[in-house]
Amino acid sequence: MDDPVADMIAKCAAADRAAFRALYRDTSAKLMGVLLRMLRERAEAEDALQEVYTRVWVRAGRYDPTKGRGMTWLIAIARNLAIDRLRAGRESHSDDGLDTVQDSAPRAESRLVAKGEARRMADCFNTLESEKADAVKGAYLNGLSYLDLAARHAVPLNTMRTWLRRSLLKLKECLES
Amino acid sequence: MTDAPLSPREEDDALAAEYVLGVLDLAERAVAEARLKRDADFAALVADWEVKLGGLNDGFDEAPAPNLLPQIEARLFPKPAPAAKPRHGFSFGWLTGALVAAVLALASIATLAPPRPELVAQLATADNRLAYRVTHFGDTLQVTRVAGVPAVAGQVHELWIIAPNANPVSLGLLEDQPLVITYPAPPEGFTFAVSVEPTGGSPTGAPTGPVILTATVGAA
């Protein structure tokens, strides 16, 4: 399968700085989108973006193209860093303007046709009850913690844990079937 | 859906998913990260979840990103320090394209430090009652308390750095003022820790009191 981002990451692993710059040009808008959505503040997001690409360069040798697409690997690094920052003590923005309109789910649906992974996820996602699907999306896209989710859905923490754990395992079963 | 408890394998799988999703609190996250480093099976579960949950990535819109390559490259490919290091900020705002390359070449003559200190680690309690920010600029490491208060009378917070598989090394005491020391930027995998020691610091050269905060550079 054609994956130019994966090719650029492989070149970064070989210390190709031109490839690193090309990778930044081609992927920074998407990663900035991830960081801005989760960290919610431009200065923090820009600071985090620098750290993300620093990690990308340092870890490029660990990327395994047989395990997933290049962009998926990059976004995982960005999300991981954003969650680190959120959990390390920034105030949670659990409900700042978080109406479902921001989830851009309808737009996402239309772009899913081209990508197998996304389409399968959309199908499996639809098998979840809507409140549980919202919780998974709230965590993945907005960086909400268990505490945030329990508050948002007005359920005890342990209930949210059970919901999410079971929903995630159900998603996995569906994705692997 | 049954209420049967999860099997050990399902527990691990769920934990890996929770870690990738990001819902764990700071303490739980630190435990998962430590496990990630030493348990290859768990690491494989995490990698698998990153791909599976990656199916949601279309939900992220793109956003304009400024060209931060000069700052990123200054971190990754620092020029060796000449005798004198000018500390004035140098803004890349007016440079474009090819000019940036020419200026970076000139940097071997006069070191151009990135205009901002870089955040190296954040040490904070889950409720942010106590937090320290570790930044690095040029050849200086600075540790600033951004939340909470110093230790009570008779005690002091001491900062340690722990290289992988090495013993903690004291970097100094965290009192009223920020700690500023000459120190290289610590690589990924090094861990900062704060312990509570008697006034004056640990008498033994190793932490003697409880470790209340930790943060690993470039964690996971």
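Which element gives the most to the lining of the largest cavity? Let's look at this predicted model one close-up at a time.

**Close-up 1. The largest cavity and the residues around it.** A search of the whole structure turns up one cavity of 30 Å³ or more, and the space in the largest cavity comes to about 100 Å³. Helix H4 (70-87) of chain A and helix H1 (8-21) of chain B are the elements that each contribute two or more residues to its lining. H4(A) answers our opening question: it gives the most, with five residues. From chain A the lining takes Ile75(A), Ala76(A), Arg79(A), Asn80(A), Ile83(A) and Tyr140(A). Chain B adds Tyr19(B), Val20(B), Arg29(B) and Glu50(B). If you are thinking about chemistry, the lining residues divide into six nonpolar, one polar and three charged.

**Close-up 2. An open, four-stranded sheet in chain B.** Here the strands run in the order S1-S2-S3-S6, with antiparallel pairing. Strand S1 (118-124) and strand S6 (179-182) of chain B form the edges, each pairing on one side only. On average, neighbouring strands of this sheet are turned by 20 degrees against each other, direction ignored. As a friendly reminder, strands of a sheet pair through backbone hydrogen bonds, either parallel or antiparallel.

**Close-up 3. Strand S1(B) beside strand S2(B).** Zooming in on one pair, S1(B) meets S2 (residues 131-137) of chain B in the antiparallel sense, over six bridges. To find your place in the ladder, look for Gln122(B), which stands opposite Arg133(B) in S2(B).

**Close-up 4. Helices H6(A) and H9(A) crossing.** Two packed helices are described by the angle between their axes and the distance between the axes. For helix H6 (residues 116-125) and helix H9 (residues 157-176) of chain A, the axes come within 9 Å and cross at roughly 130 degrees. Because of that angle, H6(A) is oblique to H9(A). The crossing of these two helices, H6(A) and H9(A), is right-handed.

**Close-up 5. Two alanines with positive phi, Ala15(A) and Ala154(A).** Most residues other than glycine have a negative phi. Ala15(A) is not a glycine, yet its phi is positive, at about 65 degrees. You will find Ala15(A) in the loop between helix H1 (4-13) and helix H2 (17-39) of chain A. Ala154(A), also not a glycine, has a positive phi of about 55 degrees. Its place is the loop between helix H8 (146-153) and H9 of chain A.

How values were computed:
Residues are numbered from 1 along each chain as its sequence is written. Chains are lettered from A and ligands numbered from 1 in the order in which they are written. This is a predicted model: local features need pLDDT of at least 70, side-chain atom pairs count only at pLDDT 80 or more; totals for chains, interfaces and linings use all residues. Side-chain values use heavy atoms; hydrogens and water are left out. On a 1 Å grid over the protein atoms alone, a cavity is a set of points where a 1.4 Å probe fits but cannot get out, and a pocket is an open set with protein on both sides within 12 Å along at least five of seven lines; lining residues have an atom within 4 Å of a point. Grid points are joined across faces, edges and corners, and a volume is the space filled by probe spheres set on the points. Ala, Val, Leu, Ile, Met, Phe, Trp, Tyr, Cys and Pro count as nonpolar, Asp, Glu, Lys and Arg as charged, and the others, Gly among them, as polar. Two strands pair if DSSP finds at least two bridges between them. Axes are lines fitted to C-alpha atoms, for helices over the stretch in contact, and angles run from 0 to 180 degrees between N-to-C directions. Angles under 35 degrees count as roughly parallel, over 145 as roughly antiparallel, 65 to 115 as roughly perpendicular and the rest as oblique. A crossing is left-handed if the near helix is turned anticlockwise from the far one by less than a right angle, and right-handed if clockwise.
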